[in-house]
Every structure is written in C-alpha cells, then in structure tokens.
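Here is a short report on a predicted model. It starts with the nonpolar core and moves outward from there.

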Amino acid sequence: MPRTRTLRNCQRKRRGAAAVEFAICLPLLLTLVLGVIETSNALFVQHAITCAAYEGANVASATGGTSATANTRAQQVLTSLGIKSATVSFSPAVTSSTPVGTKIVVTCTVPLTANLASFGYLSGPSLTAVVTTAKL
C-alpha cells in the first residue's frame with residue numbers, strides 16, 4: 001500500500017508541474033505566433049505596394065501614359081489587394097507630351113496601422129516602394 005500512495009502523490013505533483021510549465025510557456029508561444037502573423041502581413045503589404053508601384057510605372061511609361069491614368073491603375077491594384085490609405089506619387093508628373101527617355105520615379109507609401117491586424121508589434125511605421133522607369 002505505501003508504494004501506491006507515493007506513486008499517486010508523484011503523479012499529482014507532476015500534474016501541478018505541467019500546469020506551471022504551461023502557464024510560463026503560453027505567453028511566449030502566443031507572442032511568437034502573433035509576431036509571425038504580424039510580420040507575414042507586413043511582408044504581404046510590402047509586396048502589394050511594390051506591385052502597385054510597378055503597375056503604375058508601366059502605365060506611366062507607356063506611349064500616351066499620364067500620371068492620372070497610372071495613379072488610377074495603381075489604386076486599382078491596391079484596392080484589389082485590400083490595401084487601404086495608400087498614396088502614389090510620380091516624379092516628374094507625366095503627361096502625354098513627356099519626352100521619351102525621361103526618368104520616371106513612382107513612389108507608393110502605405111501606413112501599417114491601417115493595413116495590419118493591429119497586434120501592436122509593427123503599428124508605427126509606414127512602408128514605401130519605389131520603382132524607376134523610363135518614358136517610352
């Protein structure tokens with residue numbers, strides 16, 4: 001009989017130790033998981049604004065392309081990808097009479113606070129994508 005009692009006592013102590021280990025590890029695991037989710041979302045937003053800047057640069061550099069049509073195309077791409085509060089700028093402003101070979105810089109900027117899950121890890125900065133092309 002004494003042996004059975006000590007085995008039961010040991011099992012109870014082990015259950016208590018497992019509960020303490022779980023209580024210590026759970027916040028660390030949650031922080032890791034939420035951090036990975038937030039980082040993945042930030043990478044998606046960066047890729048999305050790079051694609052939008054590239055599309056805007058393609059439209060602006062095409063024959064007859066203007067800043068207005070390029071901005072519309074970039075905003076379409078951003079909207080289709082669910083990106084909010086983005087700004088797209090062109091330097092210099094492109095018109096249909098912009099000379100061939102002119103260097104066009106398209107900059108797309110997005111605040112992270114409007115586009116992340118708001119776990120608070122990456123809520124401060126904004127992301128920027130810059131694409132440079134030449135007028136065709």
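## Nonpolar core

The largest nonpolar core in this predicted model holds 26 residues. Ile-49, Leu-78, Ile-83, Val-88 and Val-106 have the most contacts inside it. Five elements each give two or more residues to this core: α1 (2-61), α2 (67-80), β1, β2 and β3 (126-134). Helix α1 gives the most, with eight residues. In soluble globular proteins, nonpolar side chains tend to be buried together.

## Around Ile-83

Ile-83 is among the core residues with the most contacts. Which residues does Ile-83 touch, leaving aside those up to four places away in sequence? They are Phe-44, Val-45, Ala-48, Ile-49, Leu-78, Val-110 and Asn-115. Two of these names, Ile-49 and Leu-78, also appear among the core residues with the most contacts.

## Strands β1 and β2

Strand β1 spans residues 87-91, and its side chains alternate. Val-88 and Phe-90 point to one face and are buried. Thr-87, Ser-89 and Ser-91 point to the other face and are not buried.

Strand β2 covers residues 103-111. It runs antiparallel to β1, and five bridges join the two. Val-88 has Cys-108 as its bridge partner in β2. Val-88 is also one of the core residues with the most contacts.

## Cysteines

How many disulfides does the structure hold? The count is zero. Cys-25 is partly exposed, at 39% relative accessible area. Cys-51 is partly exposed too, at 28%. A nonpolar core takes buried residues, under 20% relative accessible area, so neither Cys-25 nor Cys-51 can belong to one.

Terms used. Residues are numbered from 1 along each chain as its sequence is written. This is a predicted model: local features need pLDDT of at least 70, side-chain atom pairs count only at pLDDT 80 or more; totals for chains, interfaces and linings use all residues. Side-chain values use heavy atoms; hydrogens and water are left out. A disulfide is a pair of cysteine sulfur atoms within 2.5 Å. Buried means under 20% relative accessible area, exposed over 50%, partly exposed in between (1.4 Å probe, protein chains only). Helices (H or I, at least four residues) and strands (E, at least two) are DSSP runs, numbered from the N terminus. Two strands pair if DSSP finds at least two bridges between them. A nonpolar core is a set of buried Ala, Val, Leu, Ile, Met, Phe, Trp, Tyr and Cys residues joined through side-chain atoms within 4.5 Å. Contact means heavy atoms within 4.5 Å.
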